[in-house]
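Here's a structure to explore at your own pace. Have a look first, and then we'll walk through its sheet, its rings, its core and a few odd backbone spots.

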Amino acid sequence: MFDAHAHVISPDVARYPRASMKGGAPQSEPEGIDASAESLIAKMDASGVRQACAVQRAFIYGFDNSYILDACRQYPDRLLPVLVVDATDPATPAMLRTLARSQRLGGIRLSAPVPQPRDVDWLSSREAMDTWRTADELGLPIAVIMFRTQRKLVLQEIGSLAKRFPKLPIVIDHVGIPHGTIYDGPFAKVPESSHPAEGAPTYGVDTDLLRLADLQNIFFKITSINFRRLAASGVALASFVCHLASTFGVDRLMWGSDIGQTPGTYDEMARAARQSVEALALGEREQVLWGTACSVYRGSRA
């Protein structure tokens, strides 16, 4: 298995101080959770997960990717860093080129600093295009997470960007299906029950997502956020994944645990992932749980 979405957080706050993106105080990790890189490796070993993307927690470290870079240097065969960057910062392209010369990078992740409904400058402004061109040049996949208030516009922009950079993998976090707090605002306290998961026939895949179905360089990351909402709404995980597979193809689906943010044990998350692909053929299961992420993030085939 390849975990495309594992958050690692250092217990050493002196060496790796908490920061924030523009517009708020840093968050904290789930209470009682050891989210260090060492802990993640042990959990991966126990759960049969070979590799993972260490994804920056933007609302804990802001744009300071120091910890995930250090962690991935320590475990280069197991972890690939996915950096959260400010695409509009003129210094970002040079920073990415410098890092790519000294360390293997998995990719980058873009997120709006604050949930302004019509703000897509962080993603596709003229300044942001320099970061997109650099990622394309370096072969760095770009993952995108969006707030509920921006979703329609962001998905439209992703479609345009996918056509502009047809060889660059673009990964939509949490399948782009709207859910609770993460989409309503970085510090909102909205119960998951306020955004129940949809079942058949659409499973939440609406026209905004369907417009991306023919763009083969767009990929969809299924995470524990999706699984928790589906389970709470009584929707079978395997039915959800089957619908995604028939809509987009298994070669565009990948799994990510969201450990370090979503509550629950790593073993529970890995078991839910295996359960979610039970209705697929054996080769299709391997593609969702390993092959797609391994290909997009250039993981080891060993």
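Let's start with Val175, which is buried at a relative accessible area of 0%; buried means under 20% relative accessible area, exposed over 50%, and partly exposed in between, with a 1.4 Å probe and protein chains only. Val175 isn't a glycine, yet its phi is positive, about 65°. You'll find Val175 in the loop between β6 and α8. His174 sits in the loop between β6 and α8 too, has a positive phi near 55°, and counts as buried at 0% relative accessibility. Why do these catch the eye? Most residues other than glycine have a negative phi, and most peptide bonds are trans. On that second point, the peptide bond from Ala200 to Pro201 is cis, with omega near 5°, and Pro201 lies in the loop between α8 (181-184) and α9 (207-210).

A quick word on ground rules: this is a predicted model, where local features need pLDDT of at least 70 and side-chain atom pairs count only at pLDDT 80 or more, while totals for chains, interfaces and linings use all residues. Residues are numbered from 1 along each chain as its sequence is written, and side-chain values use heavy atoms, leaving out hydrogens and water.

**The sheet**

Helices (H or I, at least four residues) and strands (E, at least two) are DSSP runs, numbered from the N terminus, and two strands pair if DSSP finds at least two bridges between them. Here, 8 strands make an open sheet with parallel pairing, in the order β1-β2-β3-β4-β5-β6-β7-β8. At the edges are β1 (2-7) and β8 (253-256), each pairing on one side only. Neighbouring strands are turned by 30° against each other on average, ignoring direction. Helix α13 (residues 282-296) packs on this sheet, touching β1, β2, β6, β7 and β8, and its direction makes about 100° with that of β8. Contact means heavy atoms within 4.5 Å; axes are lines fitted to C-alpha atoms, for helices over the stretch in contact, and angles run from 0 to 180 degrees between N-to-C directions.

**Aromatic pairs**

There are 5 aromatic pairs. Rings of Phe, Tyr and Trp (its six-membered ring) pair if their centres lie within 6.5 Å; planes under 30 degrees apart are stacked, over 60 edge-to-face, and the rest tilted. Here are two of them:

| Pair | Centre to centre | Angle between planes | Type |
|---|---|---|---|
| Tyr61 and Tyr67 | 6.5 Å | 45° | tilted |
| Phe220 and Phe248 | 4.0 Å | 25° | stacked |

Phe220 in strand β7 and Phe248 in helix α11 (residues 237-248) are 28 residues apart, linking distant parts of the chain. Both Phe220 and Phe248 are buried. Tyr16 joins Tyr61 and Tyr67 in one aromatic cluster.

**The core**

A nonpolar core is a set of buried Ala, Val, Leu, Ile, Met, Phe, Trp, Tyr and Cys residues joined through side-chain atoms within 4.5 Å. Which residues touch the most other members of the largest core? Among its 90 residues, they are Trp132 and Ile158. The largest share of this core, 6 residues, comes from α11. Another core of 15 residues lies apart, with Phe2, Ala143, Val171 and Ala293 among them.

**No disulfides**

The structure holds 0 disulfides, a disulfide being a pair of cysteine sulfur atoms within 2.5 Å. Cys53's closest cysteine sulfur, in Cys72, is 8.4 Å away, so that's too far for a bond.
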